[in-house]
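Work through the exercises below with the sequence and the structure at hand. Each task is followed by a solution in steps.

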Amino acid sequence: MIRKLLLSILFLFAVKMSAQEDKSRFSLGLNYGFGSEFNNRNYTFTNHFYKIQLYYKLKQTKHFQYQILVQPEINFAEHQLLNFYFVKPETPDYEQKRAQYTQLKDIREYVLNCGFLVRKPIGEICSFYILGSIGPMITDTETERMSKGFAFADVLAVGFSLKHNKIQFDIRPNIRHVSNGGLSSTNSGYNTRNIEFGVSYSL
C-alpha cells in the first residue's frame, strides 16, 4: 500500500514537472558578435560585443511565436576620423579638434536593449525570426560624430536557430544605429553591420 502511494506521488510529481517544463516561458543566454561600419570615406568603426539574453515567450500560435527580449551589452569599438574636413572651420578650435579626432580611439559602450521577436518554427528544431530592439546606452568617448555620455542603440536583425532539448543555438546578422537623439550637440552617430552567435537555455 505504501509502495503504491509513493509510486503515485512520484508519478504525479513527474507529470507536474513535465508540465512545468512545457510551460516554461523564460530562456537565458549569451551572445558574442562583431562588425564594422558601412563603407564610407569619413570614418572607420569596428566593434565586438557581448550580450546577456533574457527571453520571455509572450504567445505561441499555430505558425508563430512571439517573444520579448532584454539584452544588457558591453561593446568594444575602435573609431577613427578619415576625412578631417568633416570638422568644419566654424567649429570652435577646429584645427585642434581635427588633430584630436583623426587619432584612433578606443570606445566602450554600455547598452540595455529591449526587443520584440517574431519567430517562425521550421520543423521541430529549426526556426527563423525577425528582431527589433532599442535601448539606452552610455558611451565613454567623445568623437566628431557623437558626444560622450547618454545615447540610444537601435538594432534590426534576422536570425536562424537550432534547438536541442533545452539548448538553443543562434546566428543573427543585424544592422545597428547609434545616436543620442539630438540630446547633445554632436549627433551624427554610427551605422554598422554585425553578426552575432549565441547559445541560450530554457529555464
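**Exercise 1. Find which residues make up the largest nonpolar core, and which strands each supply at least two of them.**

Step 1. In this predicted model, the largest nonpolar core has eleven residues: Y43, F45, A77, I107, V111, M137, M146, A151, A153, V178 and Y190.

Step 2. At least two residues of this core come from each of strand 2, strand 4 and strand 6 (149-164).

Step 3. There is also a second, separate core of seven residues, with Y55, L117, V155 and A157 among them.

Step 4. Take A151 as one member of the largest core. Apart from neighbours within four places in sequence, A151 has contacts with G135, P136, M137, M146, S179 and N180.

**Exercise 2. Describe the order of helices and strands along the protein chain, and state what share of its residues count as buried.**

Step 1. The protein chain contains two helices and eight strands.

Step 2. Along the sequence they follow the pattern α-β-β-β-α-β-β-β-β-β.

Step 3. The protein chain has 203 residues, of which 36% count as buried.

Step 4. The exposed surface of the protein chain is about 12,100 Å², and carbon and sulfur atoms supply 65% of that area.

Step 5. Consider contacts in the protein chain between residues at least 6 apart in sequence: 63% of them join residues at least 24 apart.

**Exercise 3. Decide whether S133 is buried or exposed, and list its contacts beyond four places in sequence.**

Step 1. S133 belongs to strand 5 (residues 126-139).

Step 2. The relative accessibility of S133 is 8%; the cut-off for buried is under 20%, so S133 counts as buried.

Step 3. Without the neighbours within four places in sequence, the contacts of S133 are Q71, N113, C114, G115, A153, D154 and V155.

Step 4. Two of these also appear in Exercise 1: A153 in the largest core and V155 in the second.

Step 5. L69 is 64 residues from S133 in sequence, while the C-alpha atoms of the two are 8.3 Å apart in space.

**Exercise 4. State how many aromatic pairs a search of the whole structure finds, then classify the pair Y50 and F76 as stacked or edge-to-face.**

Step 1. The search finds eleven aromatic pairs.

Step 2. For Y50 and F76, the ring centres are 6.4 Å apart and the planes stand at 85°. Planes over 60 degrees apart count as edge-to-face, so this pair is edge-to-face.

Step 3. Y50 lies in strand 2 (residues 43-60) and F76 in strand 3 (residues 65-81), so the pair ties together parts 26 residues apart in sequence.

Step 4. Both residues are partly exposed: Y50 has a relative accessible area of 39%, and F76 has 23% relative accessibility.

Step 5. Now take Y66 and F116, whose centres are 6.4 Å apart with 20° between the planes. Planes under 30 degrees apart count as stacked, so Y66 and F116 are a stacked pair.

Step 6. Y66 is in strand 3 and F116 in strand 4 (residues 105-122), so this pair ties together parts that are 50 residues apart in sequence. Y66 is partly exposed at 26%, and F116 is partly exposed at 39%.

Step 7. Y50 and F76 also belong to one aromatic cluster with Y32, F34 and F197.

**Exercise 5. Find which ring the charged end of K120 sits over.**

Step 1. The charged end of K120 sits over the ring of F64, 5.4 Å from the ring centre.

Step 2. Another such case is K88, whose charged end sits over the ring of F86 at 6.0 Å from its centre.

**Exercise 6. State how many disulfides a search of the whole structure finds.**

Step 1. A disulfide is a covalent bond between the sulfur atoms of two cysteines.

Step 2. The search finds zero disulfides.

Step 3. Among the cysteines, C114 is partly exposed at 43% relative accessibility, and C126 is partly exposed at 22%.

**Exercise 7. Locate D93 and N165, and say what sign their phi values have.**

Step 1. Most residues other than glycine have a negative phi.

Step 2. Phi of D93 is near 55°, a positive value, and phi of N165 is likewise positive, near 55°.

Step 3. D93 is in the loop between strand 3 and helix 2 (94-101), and N165 is in the loop between strand 6 and strand 7 (167-179).

Step 4. D93 is exposed, at 55% relative accessible area; N165 is exposed, at 65%.

Technical notes:
Residues numbered from 1 in each chain as written. Predicted model: local features only at pLDDT ≥ 70, side-chain atom pairs only at ≥ 80, totals over all residues. Heavy atoms only, no water. Phe/Tyr/Trp six-rings, centres within 6.5 Å; stacked < 30°, edge-to-face > 60°. Helix = DSSP H or I, 4+ residues; strand = E, 2+ residues; numbered from the N terminus. Buried < 20%, exposed > 50% of the residue type's maximum accessible area, 1.4 Å probe, protein only. Lys NZ or Arg CZ within 6 Å of the ring centre and 35° of its normal. Contact = heavy atoms within 4.5 Å. Areas by Shrake-Rupley, 256 points an atom, 1.4 Å probe, with all protein chains shown as cover. Core = buried A, V, L, I, M, F, W, Y, C linked by side-chain atoms within 4.5 Å. Disulfide = S-S within 2.5 Å.
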